Amino acid sequence: LQDAQQAIKTVRQRAKEWNIDPGKIGIAGFSAGGHLASTAGTHFQKAWIDNKENISVRPDFMILLYPVISFKDDIGHIGSRTNLIGPTPTQDLIELFSNELQVTRDTPAAFIVHAGDDKSVKVENSLRFYEALNNNVVSSELFVYPKGGHGFGLINPTSPDRWMERCLDWMKSNGWY
């Protein structure tokens, strides 16, 4: 989370130099990286880095591919949970980093892609996160492939559909691209 916040801060600080719109900075993550990206989008109120300039570390949007969202026992990816918050986390820590529980109206919009047959990270992670976004009136898009498993990357070999094209269209329609 510190690395993600530092990256967002650095891009915002140097946006003019790099000819980047500081209001169009997103974050993307796949699998456990999706947990990092969704954590950046739900835990931005507190800077986990030195930020005396008080530069916003909130991403403007998130792109989440088969993301680990929850650390709850029923749907969480326990290996990710163990690696990120330890083998015996408290219930409070589990809930803090179960990002479906941390969504507010200020959470950035998300483009989410998952496969229904994902055996590694249950599709319920994406479904519950989308539901939380929707309940908080956060504009987001969710696409669930019926097949594709986990880790299909830029091209799901089970479908002629290209999620990246959908993502670019979503970014264009929201003015980020």
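**Figure 1. The side chain of D60 makes a polar contact with the side chain of R12, at 2.8 Å.** This is a predicted model. The D60 side chain also reaches the backbone nitrogen of K24, at 3.2 Å. D60 sits in the loop between α2 (32–42) and β2. Its relative accessible area is 15%, so D60 is buried. Beyond neighbours within four places in sequence, D60 contacts R12, P22, G23, K24, I25, P108, A109 and W176. R12 and K24, the two polar partners of the D60 side chain, are thus both on this contact list.

**Figure 2. The largest nonpolar core has 15 residues.** I63, F152, W163 and W170 have the most contacts inside this core. Three elements each give two or more residues to the core: β2 (61–65), β3 (109–115) and α6 (163–173). A second, separate core has 14 residues, among them A4, I27, A37 and A40. In soluble globular proteins, nonpolar side chains tend to be buried together.

**Figure 3. W163 is among the residues with the most contacts inside the largest nonpolar core.** What does W163 touch, leaving aside its neighbours within four places in sequence? Its contacts are F30, I63, L65, F111, V113, Y145, F152, G153, L154 and I155. Two of these partners, I63 and F152, are also among the residues with the most contacts inside the core. Three others, F30, L154 and I155, reappear in the surface patch of the next view.

**Figure 4. F30, L154, I155 and M164 make a nonpolar surface patch.** The patch covers about 350 Å². I155 lies in the loop between β4 (140–145) and α6. Is I155 buried or partly exposed? I155 has a relative accessible area of 46%, so I155 is partly exposed. I155 is also in contact with W163.

**Figure 5. K9 forms a salt bridge with E53.** The closest N and O atoms are 3.1 Å apart. K9 lies in helix α1 (residues 2–13), and E53 lies in the loop between α2 and β2, so the pair ties together parts 44 residues apart in sequence. How accessible are the two partners? K9 counts as buried, at 5% relative accessibility. E53 is partly exposed, with a relative accessible area of 42%. Leaving aside neighbours within four places in sequence, K9 is in contact with I49, D50, N51, E53, I55 and V57.

**Figure 6. The side chains of K52 and D50 meet in a salt bridge.** The N to O distance is 3.3 Å. Both residues are exposed. D50 is also in contact with K9. The structure holds nine salt bridges.

**Figure 7. R128 forms a salt bridge with D74.** Their closest N and O atoms are 3.1 Å apart. R128 lies in helix α5 (residues 124–135), and D74 lies in the loop between β2 and α3 (78–85), so the pair ties together parts 54 residues apart in sequence. R128 is partly exposed, with a relative accessible area of 28%. D74 is partly exposed too, with a relative accessible area of 39%. Elsewhere, salt bridges that share partners join R12, R58 and D60 into one network.

**Figure 8. V144 lies in strand β4.** V144 counts as partly exposed, at 32% relative accessibility. Which residues does V144 touch, not counting those up to four places away in sequence? They are H114, A115, G116, V123 and L127. V144 and Q5 are 139 residues apart along the chain, and their C-alpha atoms are separated by 28 Å.

**Figure 9. V138 lies in the loop between α5 and β4.** V138 is buried, with a relative accessible area of 8%. V138 and T104 are 34 residues apart in sequence, and 8.1 Å apart in space, C-alpha to C-alpha. Leaving aside neighbours within four places in sequence, V138 is in contact with T104, R105, T107, P108, A109 and L133. P108 and A109 are also contacts of D60.

Technical notes. Residues numbered from 1 in each chain as written. Predicted model: local features only at pLDDT ≥ 70, side-chain atom pairs only at ≥ 80, totals over all residues. Heavy atoms only, no water. Core = buried A, V, L, I, M, F, W, Y, C linked by side-chain atoms within 4.5 Å. Buried < 20%, exposed > 50% of the residue type's maximum accessible area, 1.4 Å probe, protein only. Helix = DSSP H or I, 4+ residues; strand = E, 2+ residues; numbered from the N terminus. Contact = heavy atoms within 4.5 Å. Polar contact = N/O pair within 3.5 Å; in protein donor to acceptor, adjacent residues only side chain to side chain. Patch = residues over 30% accessible without salt bridge, like charges linked within 9 Å, V, L, I, M, F, W, Y side chains within 5 Å. Areas by Shrake-Rupley, 256 points an atom, 1.4 Å probe, with all protein chains shown as cover. Salt bridge = Lys/Arg side-chain N within 4 Å of Asp/Glu carboxyl O.
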